[in-house]
Amino acid sequence: MGNTLQSENHQVNEAIIQKRQPTRPRIGVFGVGYFKYWSQFDGLLDDMLRKQAVFIEKIRSGSHVELVDFGLVDTVQKAYELVPKLHAANLDLVFCDMLTYATSNTFGTIIRNLNVPIVLVALQPDQAMDYTRASTYMQLYNDDICSLPEFAGVAARMGKKVPDMIIGTLHDDPQADAEIEEYCRIAAVLHDVRTSRIGHIGHPIEAMLDMHSDSTMFTAHFGAHIVQCEAHEIVTQYQQADRADIENMKERILDFFDTPEPVSDPISEKLRDSDLETAARVTVALEKFVEAKQLDGLAYYYEGPDNSETRTVMSNLIVGNSLLTGAGFPMCGESDLKTCFAMLIMERLGIGGSFAEFHPVDFKEGFVLVGHDGPHNVAIAEGKPVLRSLTKYHGKPGFGAGVEFKIKEGPITMLSINSTYDGKFKFVIAEGQSVEGPIPPTGNTNTRGFFKPDVRTFLQRWMKEGPTHHFALGVGHHASAIAKIAGYLNLEAVIIKED
């Protein structure tokens with residue numbers, strides 16, 4: 001399902017900064033059935049329990065989750081008894097296993113009282129009934145979809161959204177298995193957006209009105225906490241950095257990045273020893289800062305006085321932040337908190353998430369360059385990332401090492417999160433293709449992005465939805481999964497049309 005990140009770059013990255021432990025979302029499972037059947041059809045209840053055990057094993061064996069099994073609900077009394085148990089379990093997502101027909105009183109009070117996403121799973125054991133031997137028992141054994149319309153209708157009557165559904169077979173159904181796995185990854189995203197600690201330093205670059213946001217609204221809509229940090233906290237770690245740690249980091253950086261000769265951009269040079277020294281020292285400081293503050297990500301922009309140590313440090317976070325982003329800690333330049341969350345969502349989905357915006361269009365070949373200066377997700381680089389010394393950071397103060405690469409060739413997904421007029425967030429999502437071809441040798445990331453139906457129409461459609469000028473860029477096509485996440489957060493989501 002989708003793209004994994006088991007690449008050489010990813011493995012090397014783990015040698016530089018230990019990859020964060022994968023999130024273990026808490027997922028609940030309960031089955032539903034109709035108690036009257038058990039006395040009528042000897043052995044049917046045991047068959048239902050065996051079906052549920054197969055489904056539970058699918059989840060446990062296929063995903064990194066903490067699963068809570070709530071057994072079988074076949075009466076309204078059991079449904080009412082289950083509600084407080086579901087609340088107490090602190091769940092991120094619930095699967096309702098549709099084992100056979102079940103009356104909706106086994107579901108009504110649950111959907112009414114639970115604010116955790118519920119997914120209805122209808123996986124019948126047989127590909128088809130053997131009609132020459134068909135019986136009522138066999139029908140009930142395969143009646144997994146029978147109650148779906150009833151449960152959907154009751155959800156609507158309870159004032160709730162109709163739950164998502166997985167329909168398929170219990171055995172040998174790759175599509176159903178992929179959907180189960182995707183919902184487990186969605187649960188991981190939901191867990192982390194509501195529990196994450198995202199650091200914030202400084203402010204968005206002056207005059208970028210689309211980037212400003214209210215920290216409290218991230219807690220209101222996502223559940224996350226914005227940790228207001230100070231630049232001097234990193235500077236202090238920089239001043240205290242151990243020489244042995246710095247030398248070790250220099251070696252690890254040189255092992256990970258390529259350092260070619262400059263090409264055509266006059267502001268780029270081969271990586272200078274002084275820039276490597278600064279980048280390594282800042283990276284050591286940054287790791288210690290993130291650990292001390294217990295951060296899951298960071299959005300920053302801070303200039304500091306001319307020729308000051310603060311400016312040196314805060315303008316040279318690029319290398320360290322790129323490595324941290326690749327290790328699972330999204331670090332976002334220009335103090336863009338909204339895009340930091342977009343990167344977090346993609347990272348927890350397992351699809352990367354790199355800081356990006358639109359660069360020039362190639363009207364000859366019909367693509368647009370997507371990339372940015374500053375930190376990026378090196379875990380999804382195509383080939384070995386490059387470090388160049390830049391004599392200036394265009395539009396920003398300072399100079400030093402710049403990270404350059406393009407993301408993996410193949411399907412890509414973009415996510416922009418913007419604030420709406422009424423104070424909510426809106427997800428703008430699109431899918432495209434990253435294709436082979438040269439990129440500008442400017443010490444920045446750039447990827448050749450092809451989008452349907454053509455680049456001009458796509459860009460017009462994207463802009464009309466009111467995104468920010470930044471977005472997160474991930475690998476694979478995952479627009480529907482990201483739209484589901486927005487829906488579970490009660491936020492608007494738009495997927496840009498391709499036709």
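## A guided tour of the predicted model

Begin by selecting K51 and Y141: the charged end of K51 lies over the ring of Y141, at 5.4 Å from the ring centre. The coordinates on screen belong to a predicted model. A second arrangement of this kind is found by selecting R281 together with Y238, where the charged end of R281 sits over the ring of Y238, 4.0 Å from its centre.

**The two domains**

Next, colour the chain by domain, with domain 1 spanning 26-194 and domain 2 spanning 196-495. Their centres, taken over C-alpha atoms, are separated by 40 Å. To display the contact, select the 14 residues that domain 1 contributes and the 16 residues that come from domain 2. About 1,400 Å² is buried between domain 1 and domain 2, and 59% of that area is on carbon and sulfur atoms. On the domain 1 side, highlight V189, D192 and V193, which supply 37% of the area that domain 1 buries against domain 2, more than any other three residues.

**Helix α4**

Move to helix α4, residues 76-88. At L82 the helix bends by about 25°, and the proline P84 follows within four residues. Show the side chains of A79, L82, V83 and L86, the buried residues of α4. What covers them? Among the covering elements are the strands β1 (26-32), β2 (66-73) and β3 (93-98), along with α5 (108-113). After α4, select N90, which has a positive phi, near 55°.

**Aromatic residues**

Now display the aromatic rings. A cluster to select here is made up of Y34, F35, Y37, W38 and Y101. Across the model, the count of aromatic pairs comes to 20. One of these pairs is F358 with W462, an edge-to-face arrangement with 6.1 Å from centre to centre and 85° between the planes. This pair links distant parts of the chain, with F358 in strand β11 (residues 352-362) and W462 in helix α16 (residues 455-464), 104 residues apart. W462 counts as buried because its relative accessibility is 1%.

Continue to F367 and F450, whose ring centres are 5.4 Å apart; the planes meet at 40°, so this pair is tilted. F367 belongs to strand β12 (residues 367-372) and F450 to strand β17 (residues 445-450), so the pair ties together parts 83 residues apart in sequence. Are these two rings buried or exposed? F367 is buried, at 3% relative accessibility, whereas F450 is partly exposed, with a relative accessible area of 26%.

**Helix α14**

Select helix α14, residues 318-326. Nine of its nine residues are buried, so the helix is largely enclosed by the rest of the structure. The residues to display are I318, V319, G320, N321, S322, L323, L324, T325 and G326. Just after α14, G328 adopts a positive phi of about 110°.

**A loop position to finish**

Finally, centre the view on L209, in the loop between β6 (197-202) and α9 (215-221). Its relative accessible area is 71%; L209 is therefore exposed, given that the cut-off is over 50%. Add T468 to the selection: L209 and T468 are 259 residues apart in sequence, yet 9.3 Å apart in space from C-alpha to C-alpha.

Notes:
Residues numbered from 1 in each chain as written. Predicted model: local features only at pLDDT ≥ 70, side-chain atom pairs only at ≥ 80, totals over all residues. Heavy atoms only, no water. Bend = angle between axes of the 7 residues up to and from the residue. Helix = DSSP H or I, 4+ residues; strand = E, 2+ residues; numbered from the N terminus. Buried < 20%, exposed > 50% of the residue type's maximum accessible area, 1.4 Å probe, protein only. Contact = heavy atoms within 4.5 Å. Phe/Tyr/Trp six-rings, centres within 6.5 Å; stacked < 30°, edge-to-face > 60°. Lys NZ or Arg CZ within 6 Å of the ring centre and 35° of its normal. Domains from an automatic or database assignment. Buried area = accessible area lost by both parts, 1.4 Å probe.
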